[in-house]
Amino acid sequence: MAEFFDAVAGSRNGNPQAYAAVMEDLGRIFGAGAPPDACRRFLTQMLTGDGELAWRLPSIVGLAEGLRGRSEFKTKGAAGPLAALLAGEENSAAAGALDDFFRRAAGLAEDTQLPTRQRVSAVALLGYTDFGRAGSLLGDLLNARQAPEIQLQAVRVLERFGDARGAELLIQPQNWTRYTPQIREAVVSTLVSKPKMIEVLFAAIQRGVIKAPEITSLRRTRLLKHADPAIRKEAEAIFRDLEGGDRMQVYRTYRDLLKNPASATEGAAVFVRACSACHTYSGAGGKVGPDLSGVRSQPADALLLHILAPNFEVAPAYQAQSVTTQDGRTVSGWLAAETESSLTLRTAFDTEEIVARQ
């Protein structure tokens with residue numbers, strides 16, 4: 001592996017992005033399979049050697065990811081695998097260099113002038129520190145003005161920390177109300193990942209910061225069947241109306257009607273009157289909600305459930321987004337596209353509004 005590393009190092013003046021990607025993979029391979037001494041030399045060389053941060057940083061991230069799966073680095077406390085690798089007086093100089101590297105990574109993570117890929121690597125590296133060191137910065141990186149890749153990486157790091165304070169950052173109203181569907185799904189996935197975070201999620205639902213239907217039925221089921229009896233009991237109380245409330249009773253009452261013959265002609269008239277303002281079918285109708293053209297693939301009882309209990313589950317992509325610009329204008333619709341610099345909303349008028357993240 002050392003010989004291969006030396007050979008790869010000779011091509012660093014080629015394509016910078018390709019070299020960074022190869023070095024990240026090489027770091028991951030070292031971390032997962034090389035002897036600790038070889039990993040230590042690799043890390044020391046990345047920390048103290050010359051070369052651009054654009055490839056040294058992802059190399060260290062790859063090494064840390066590889067080390068995470070090794071048992072000898074899981075019993076070293078909360079310092080993280082990189083610090084554990086350098087534990088001991090003989091490695092004190094490299095440990096100091098690692099501490100300095102973490103400081104530099106924090107600066108790179110918040111530098112909006114850098115390429116997004118480099119910032120993502122910097123945020124990922126902060127996941128191998130602790131919440132006390134990185135929490136405040138990660139909270140800033142959840143801002144909707146940040147590129148989605150930056151936001152997602154900040155969420156991943158907070159999940160890795162597993163700290164309830166991180167969960168509180170994720171559900172802050174100024175953050176939660178501005179998440180796009182992709183980010184919101186990642187946040188909910190993080191909030192249901194650990195008991196301490198689940199407690200924060202339940203408290204946010206009870207305060208009304210998060211609405212119960214915003215938790216998908218799959219995740220609700222997971223919480224209702226959780227191994228912890230206290231979590232199961234609280235989930236039953238919180239999701240009672242969705243899983244067995246009045247609308248669910250209406251659904252159960254009407255379910256027997258599915259045995260009767262169907263009439264597409266009568267259904268078409270109902271669709272035009274009650275549904276077409278938001279939904280499209282076979283090219284006709286509005287585009288605020290999901291296109292129903294392929295709806296025949298769903299079982300009849302599933303369609304009935306979503307018609308009679310519409311809040312049972314709303315697909316993240318069709319949860320309404322509302323953006324207020326700096327000049328006071330408000331644009332509402334569902335997210336049709338997003339880039340690191342803008343959002344595109346499709347409005348009820350079937351128009352697209354592009355809003356710069358700034």
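# Exercises on a predicted model

Ser282 sits in the loop between β1 and β2 (284–285). The model is predicted, and the exercises below read it step by step.

**Exercise 1. Decide whether Ser282 is buried or exposed, and state what sets its phi apart.**

Step 1. Place the residue: Ser282 belongs to the loop between β1 and β2.

Step 2. Compare its accessibility with the cut-off. Exposed means over 50% relative accessible area. Ser282 has 58%, so Ser282 is exposed.

Step 3. Look at the backbone. Ser282 has a phi near 55°, which is positive although the residue is not glycine. Most residues other than glycine have a negative phi.

**Exercise 2. Judge how far the model can be read in detail, using its pLDDT values.**

Step 1. Take the average. The protein has a mean pLDDT of 85, and 94% of the residues score at least 70.

Step 2. Find the extremes among the elements. The lowest mean pLDDT, 68, belongs to helix α16 (residues 240–244), and the highest, 95, to helix α10 (residues 164–170).

Step 3. Draw the consequence. Where pLDDT is low, the predicted coordinates should not be read in detail.

**Exercise 3. Describe the protein as a whole: its elements, extent, burial and surface.**

Step 1. Count the elements. The secondary structure consists of 19 helices and six strands.

Step 2. Give the extent. Along the principal axes, the C-alpha atoms fill a box of roughly 80 × 45 × 40 Å.

Step 3. Give burial and surface. Of the 358 residues, 42% are buried. The protein exposes about 19,000 Å², and carbon and sulfur atoms supply 53% of that area.

Step 4. Consider the contacts with a separation of 6 or more. Residues 24 or more positions apart account for 54% of them.

**Exercise 4. Work out the layout of the open sheet of four strands.**

Step 1. Order the strands. The sheet runs β3-β4-β5-β6, with antiparallel pairing.

Step 2. Identify the edges. β3 (321–324) and β6 (352–356) are the edge strands, and each pairs on one side only.

Step 3. Add the twist. Neighbouring strands of this sheet are turned by 50° against each other on average, direction ignored.

Step 4. Follow β3 into β4. Four bridges join these antiparallel strands; one partner pair is Thr324 with Thr330 in β4. The two strands form a hairpin with five residues between them, and Gly328 in the turn has a positive phi of about 90°.

Step 5. Follow β4 into β5. Strand β4 (residues 330–338) and strand β5 (residues 342–346) run antiparallel and are joined by four bridges. The hairpin between β4 and β5 passes through three residues. Glu338 has Leu343 in β5 as its bridge partner, and Leu335 stands opposite Leu345 in β5.

**Exercise 5. Explain why Thr344 counts as buried, and list what it touches.**

Step 1. Locate the residue: Thr344 lies in strand β5.

Step 2. Apply the cut-off. Buried means under 20% relative accessible area. Thr344 has 12%, so Thr344 is buried.

Step 3. Collect the contacts beyond four places in sequence. Thr344 touches Trp334, Leu335, Ala336, Ala337, Glu352, Glu353 and Ile354.

Step 4. Assign some of these contacts to strands. Leu335 falls within β4 (residues 330–338), while Ile354 falls within β6 (352–356).

**Exercise 6. Describe the nonpolar cores and the surroundings of Leu223.**

Step 1. Start with the largest nonpolar core. It has 83 residues, and those with the most contacts inside it are Met23, Leu63, Leu82, Leu125, Ile210, Leu223 and Phe239.

Step 2. Take Leu223 and leave aside its neighbours within four places in sequence. Its contacts are then Val192, Ile198, Leu201, Phe202, Ile231, Arg232, Ala235 and Phe239.

Step 3. Note the other core. Seven residues form a core apart from the largest one, among them Met248, Leu308, Ala309 and Phe312.

**Exercise 7. For Ala277 and Thr177, set separation along the chain beside separation in space.**

Step 1. Place Ala277. The loop between α18 (264–275) and β1 (280–281) holds Ala277. Its relative accessible area is 62%, so Ala277 is exposed.

Step 2. Pair Ala277 with Leu82. They are 195 residues apart in sequence and 56 Å apart from C-alpha to C-alpha.

Step 3. Place Thr177. This residue is in the loop between α11 (173–176) and α12 (181–191). With 53% relative accessibility, Thr177 is exposed.

Step 4. Pair Thr177 with Val355. They lie 178 residues apart along the chain, and their C-alpha atoms are separated by 16 Å.

Terms used. Residues are numbered from 1 along each chain as its sequence is written. This is a predicted model: local features need pLDDT of at least 70, side-chain atom pairs count only at pLDDT 80 or more; totals for chains, interfaces and linings use all residues. Side-chain values use heavy atoms; hydrogens and water are left out. pLDDT is the predictor's confidence in each residue, from 0 to 100. Two strands pair if DSSP finds at least two bridges between them. Axes are lines fitted to C-alpha atoms, for helices over the stretch in contact, and angles run from 0 to 180 degrees between N-to-C directions. A nonpolar core is a set of buried Ala, Val, Leu, Ile, Met, Phe, Trp, Tyr and Cys residues joined through side-chain atoms within 4.5 Å. Buried means under 20% relative accessible area, exposed over 50%, partly exposed in between (1.4 Å probe, protein chains only). Contact means heavy atoms within 4.5 Å. Accessible areas come from the Shrake-Rupley method with a 1.4 Å probe; for residues, only the protein chains shown count as cover.
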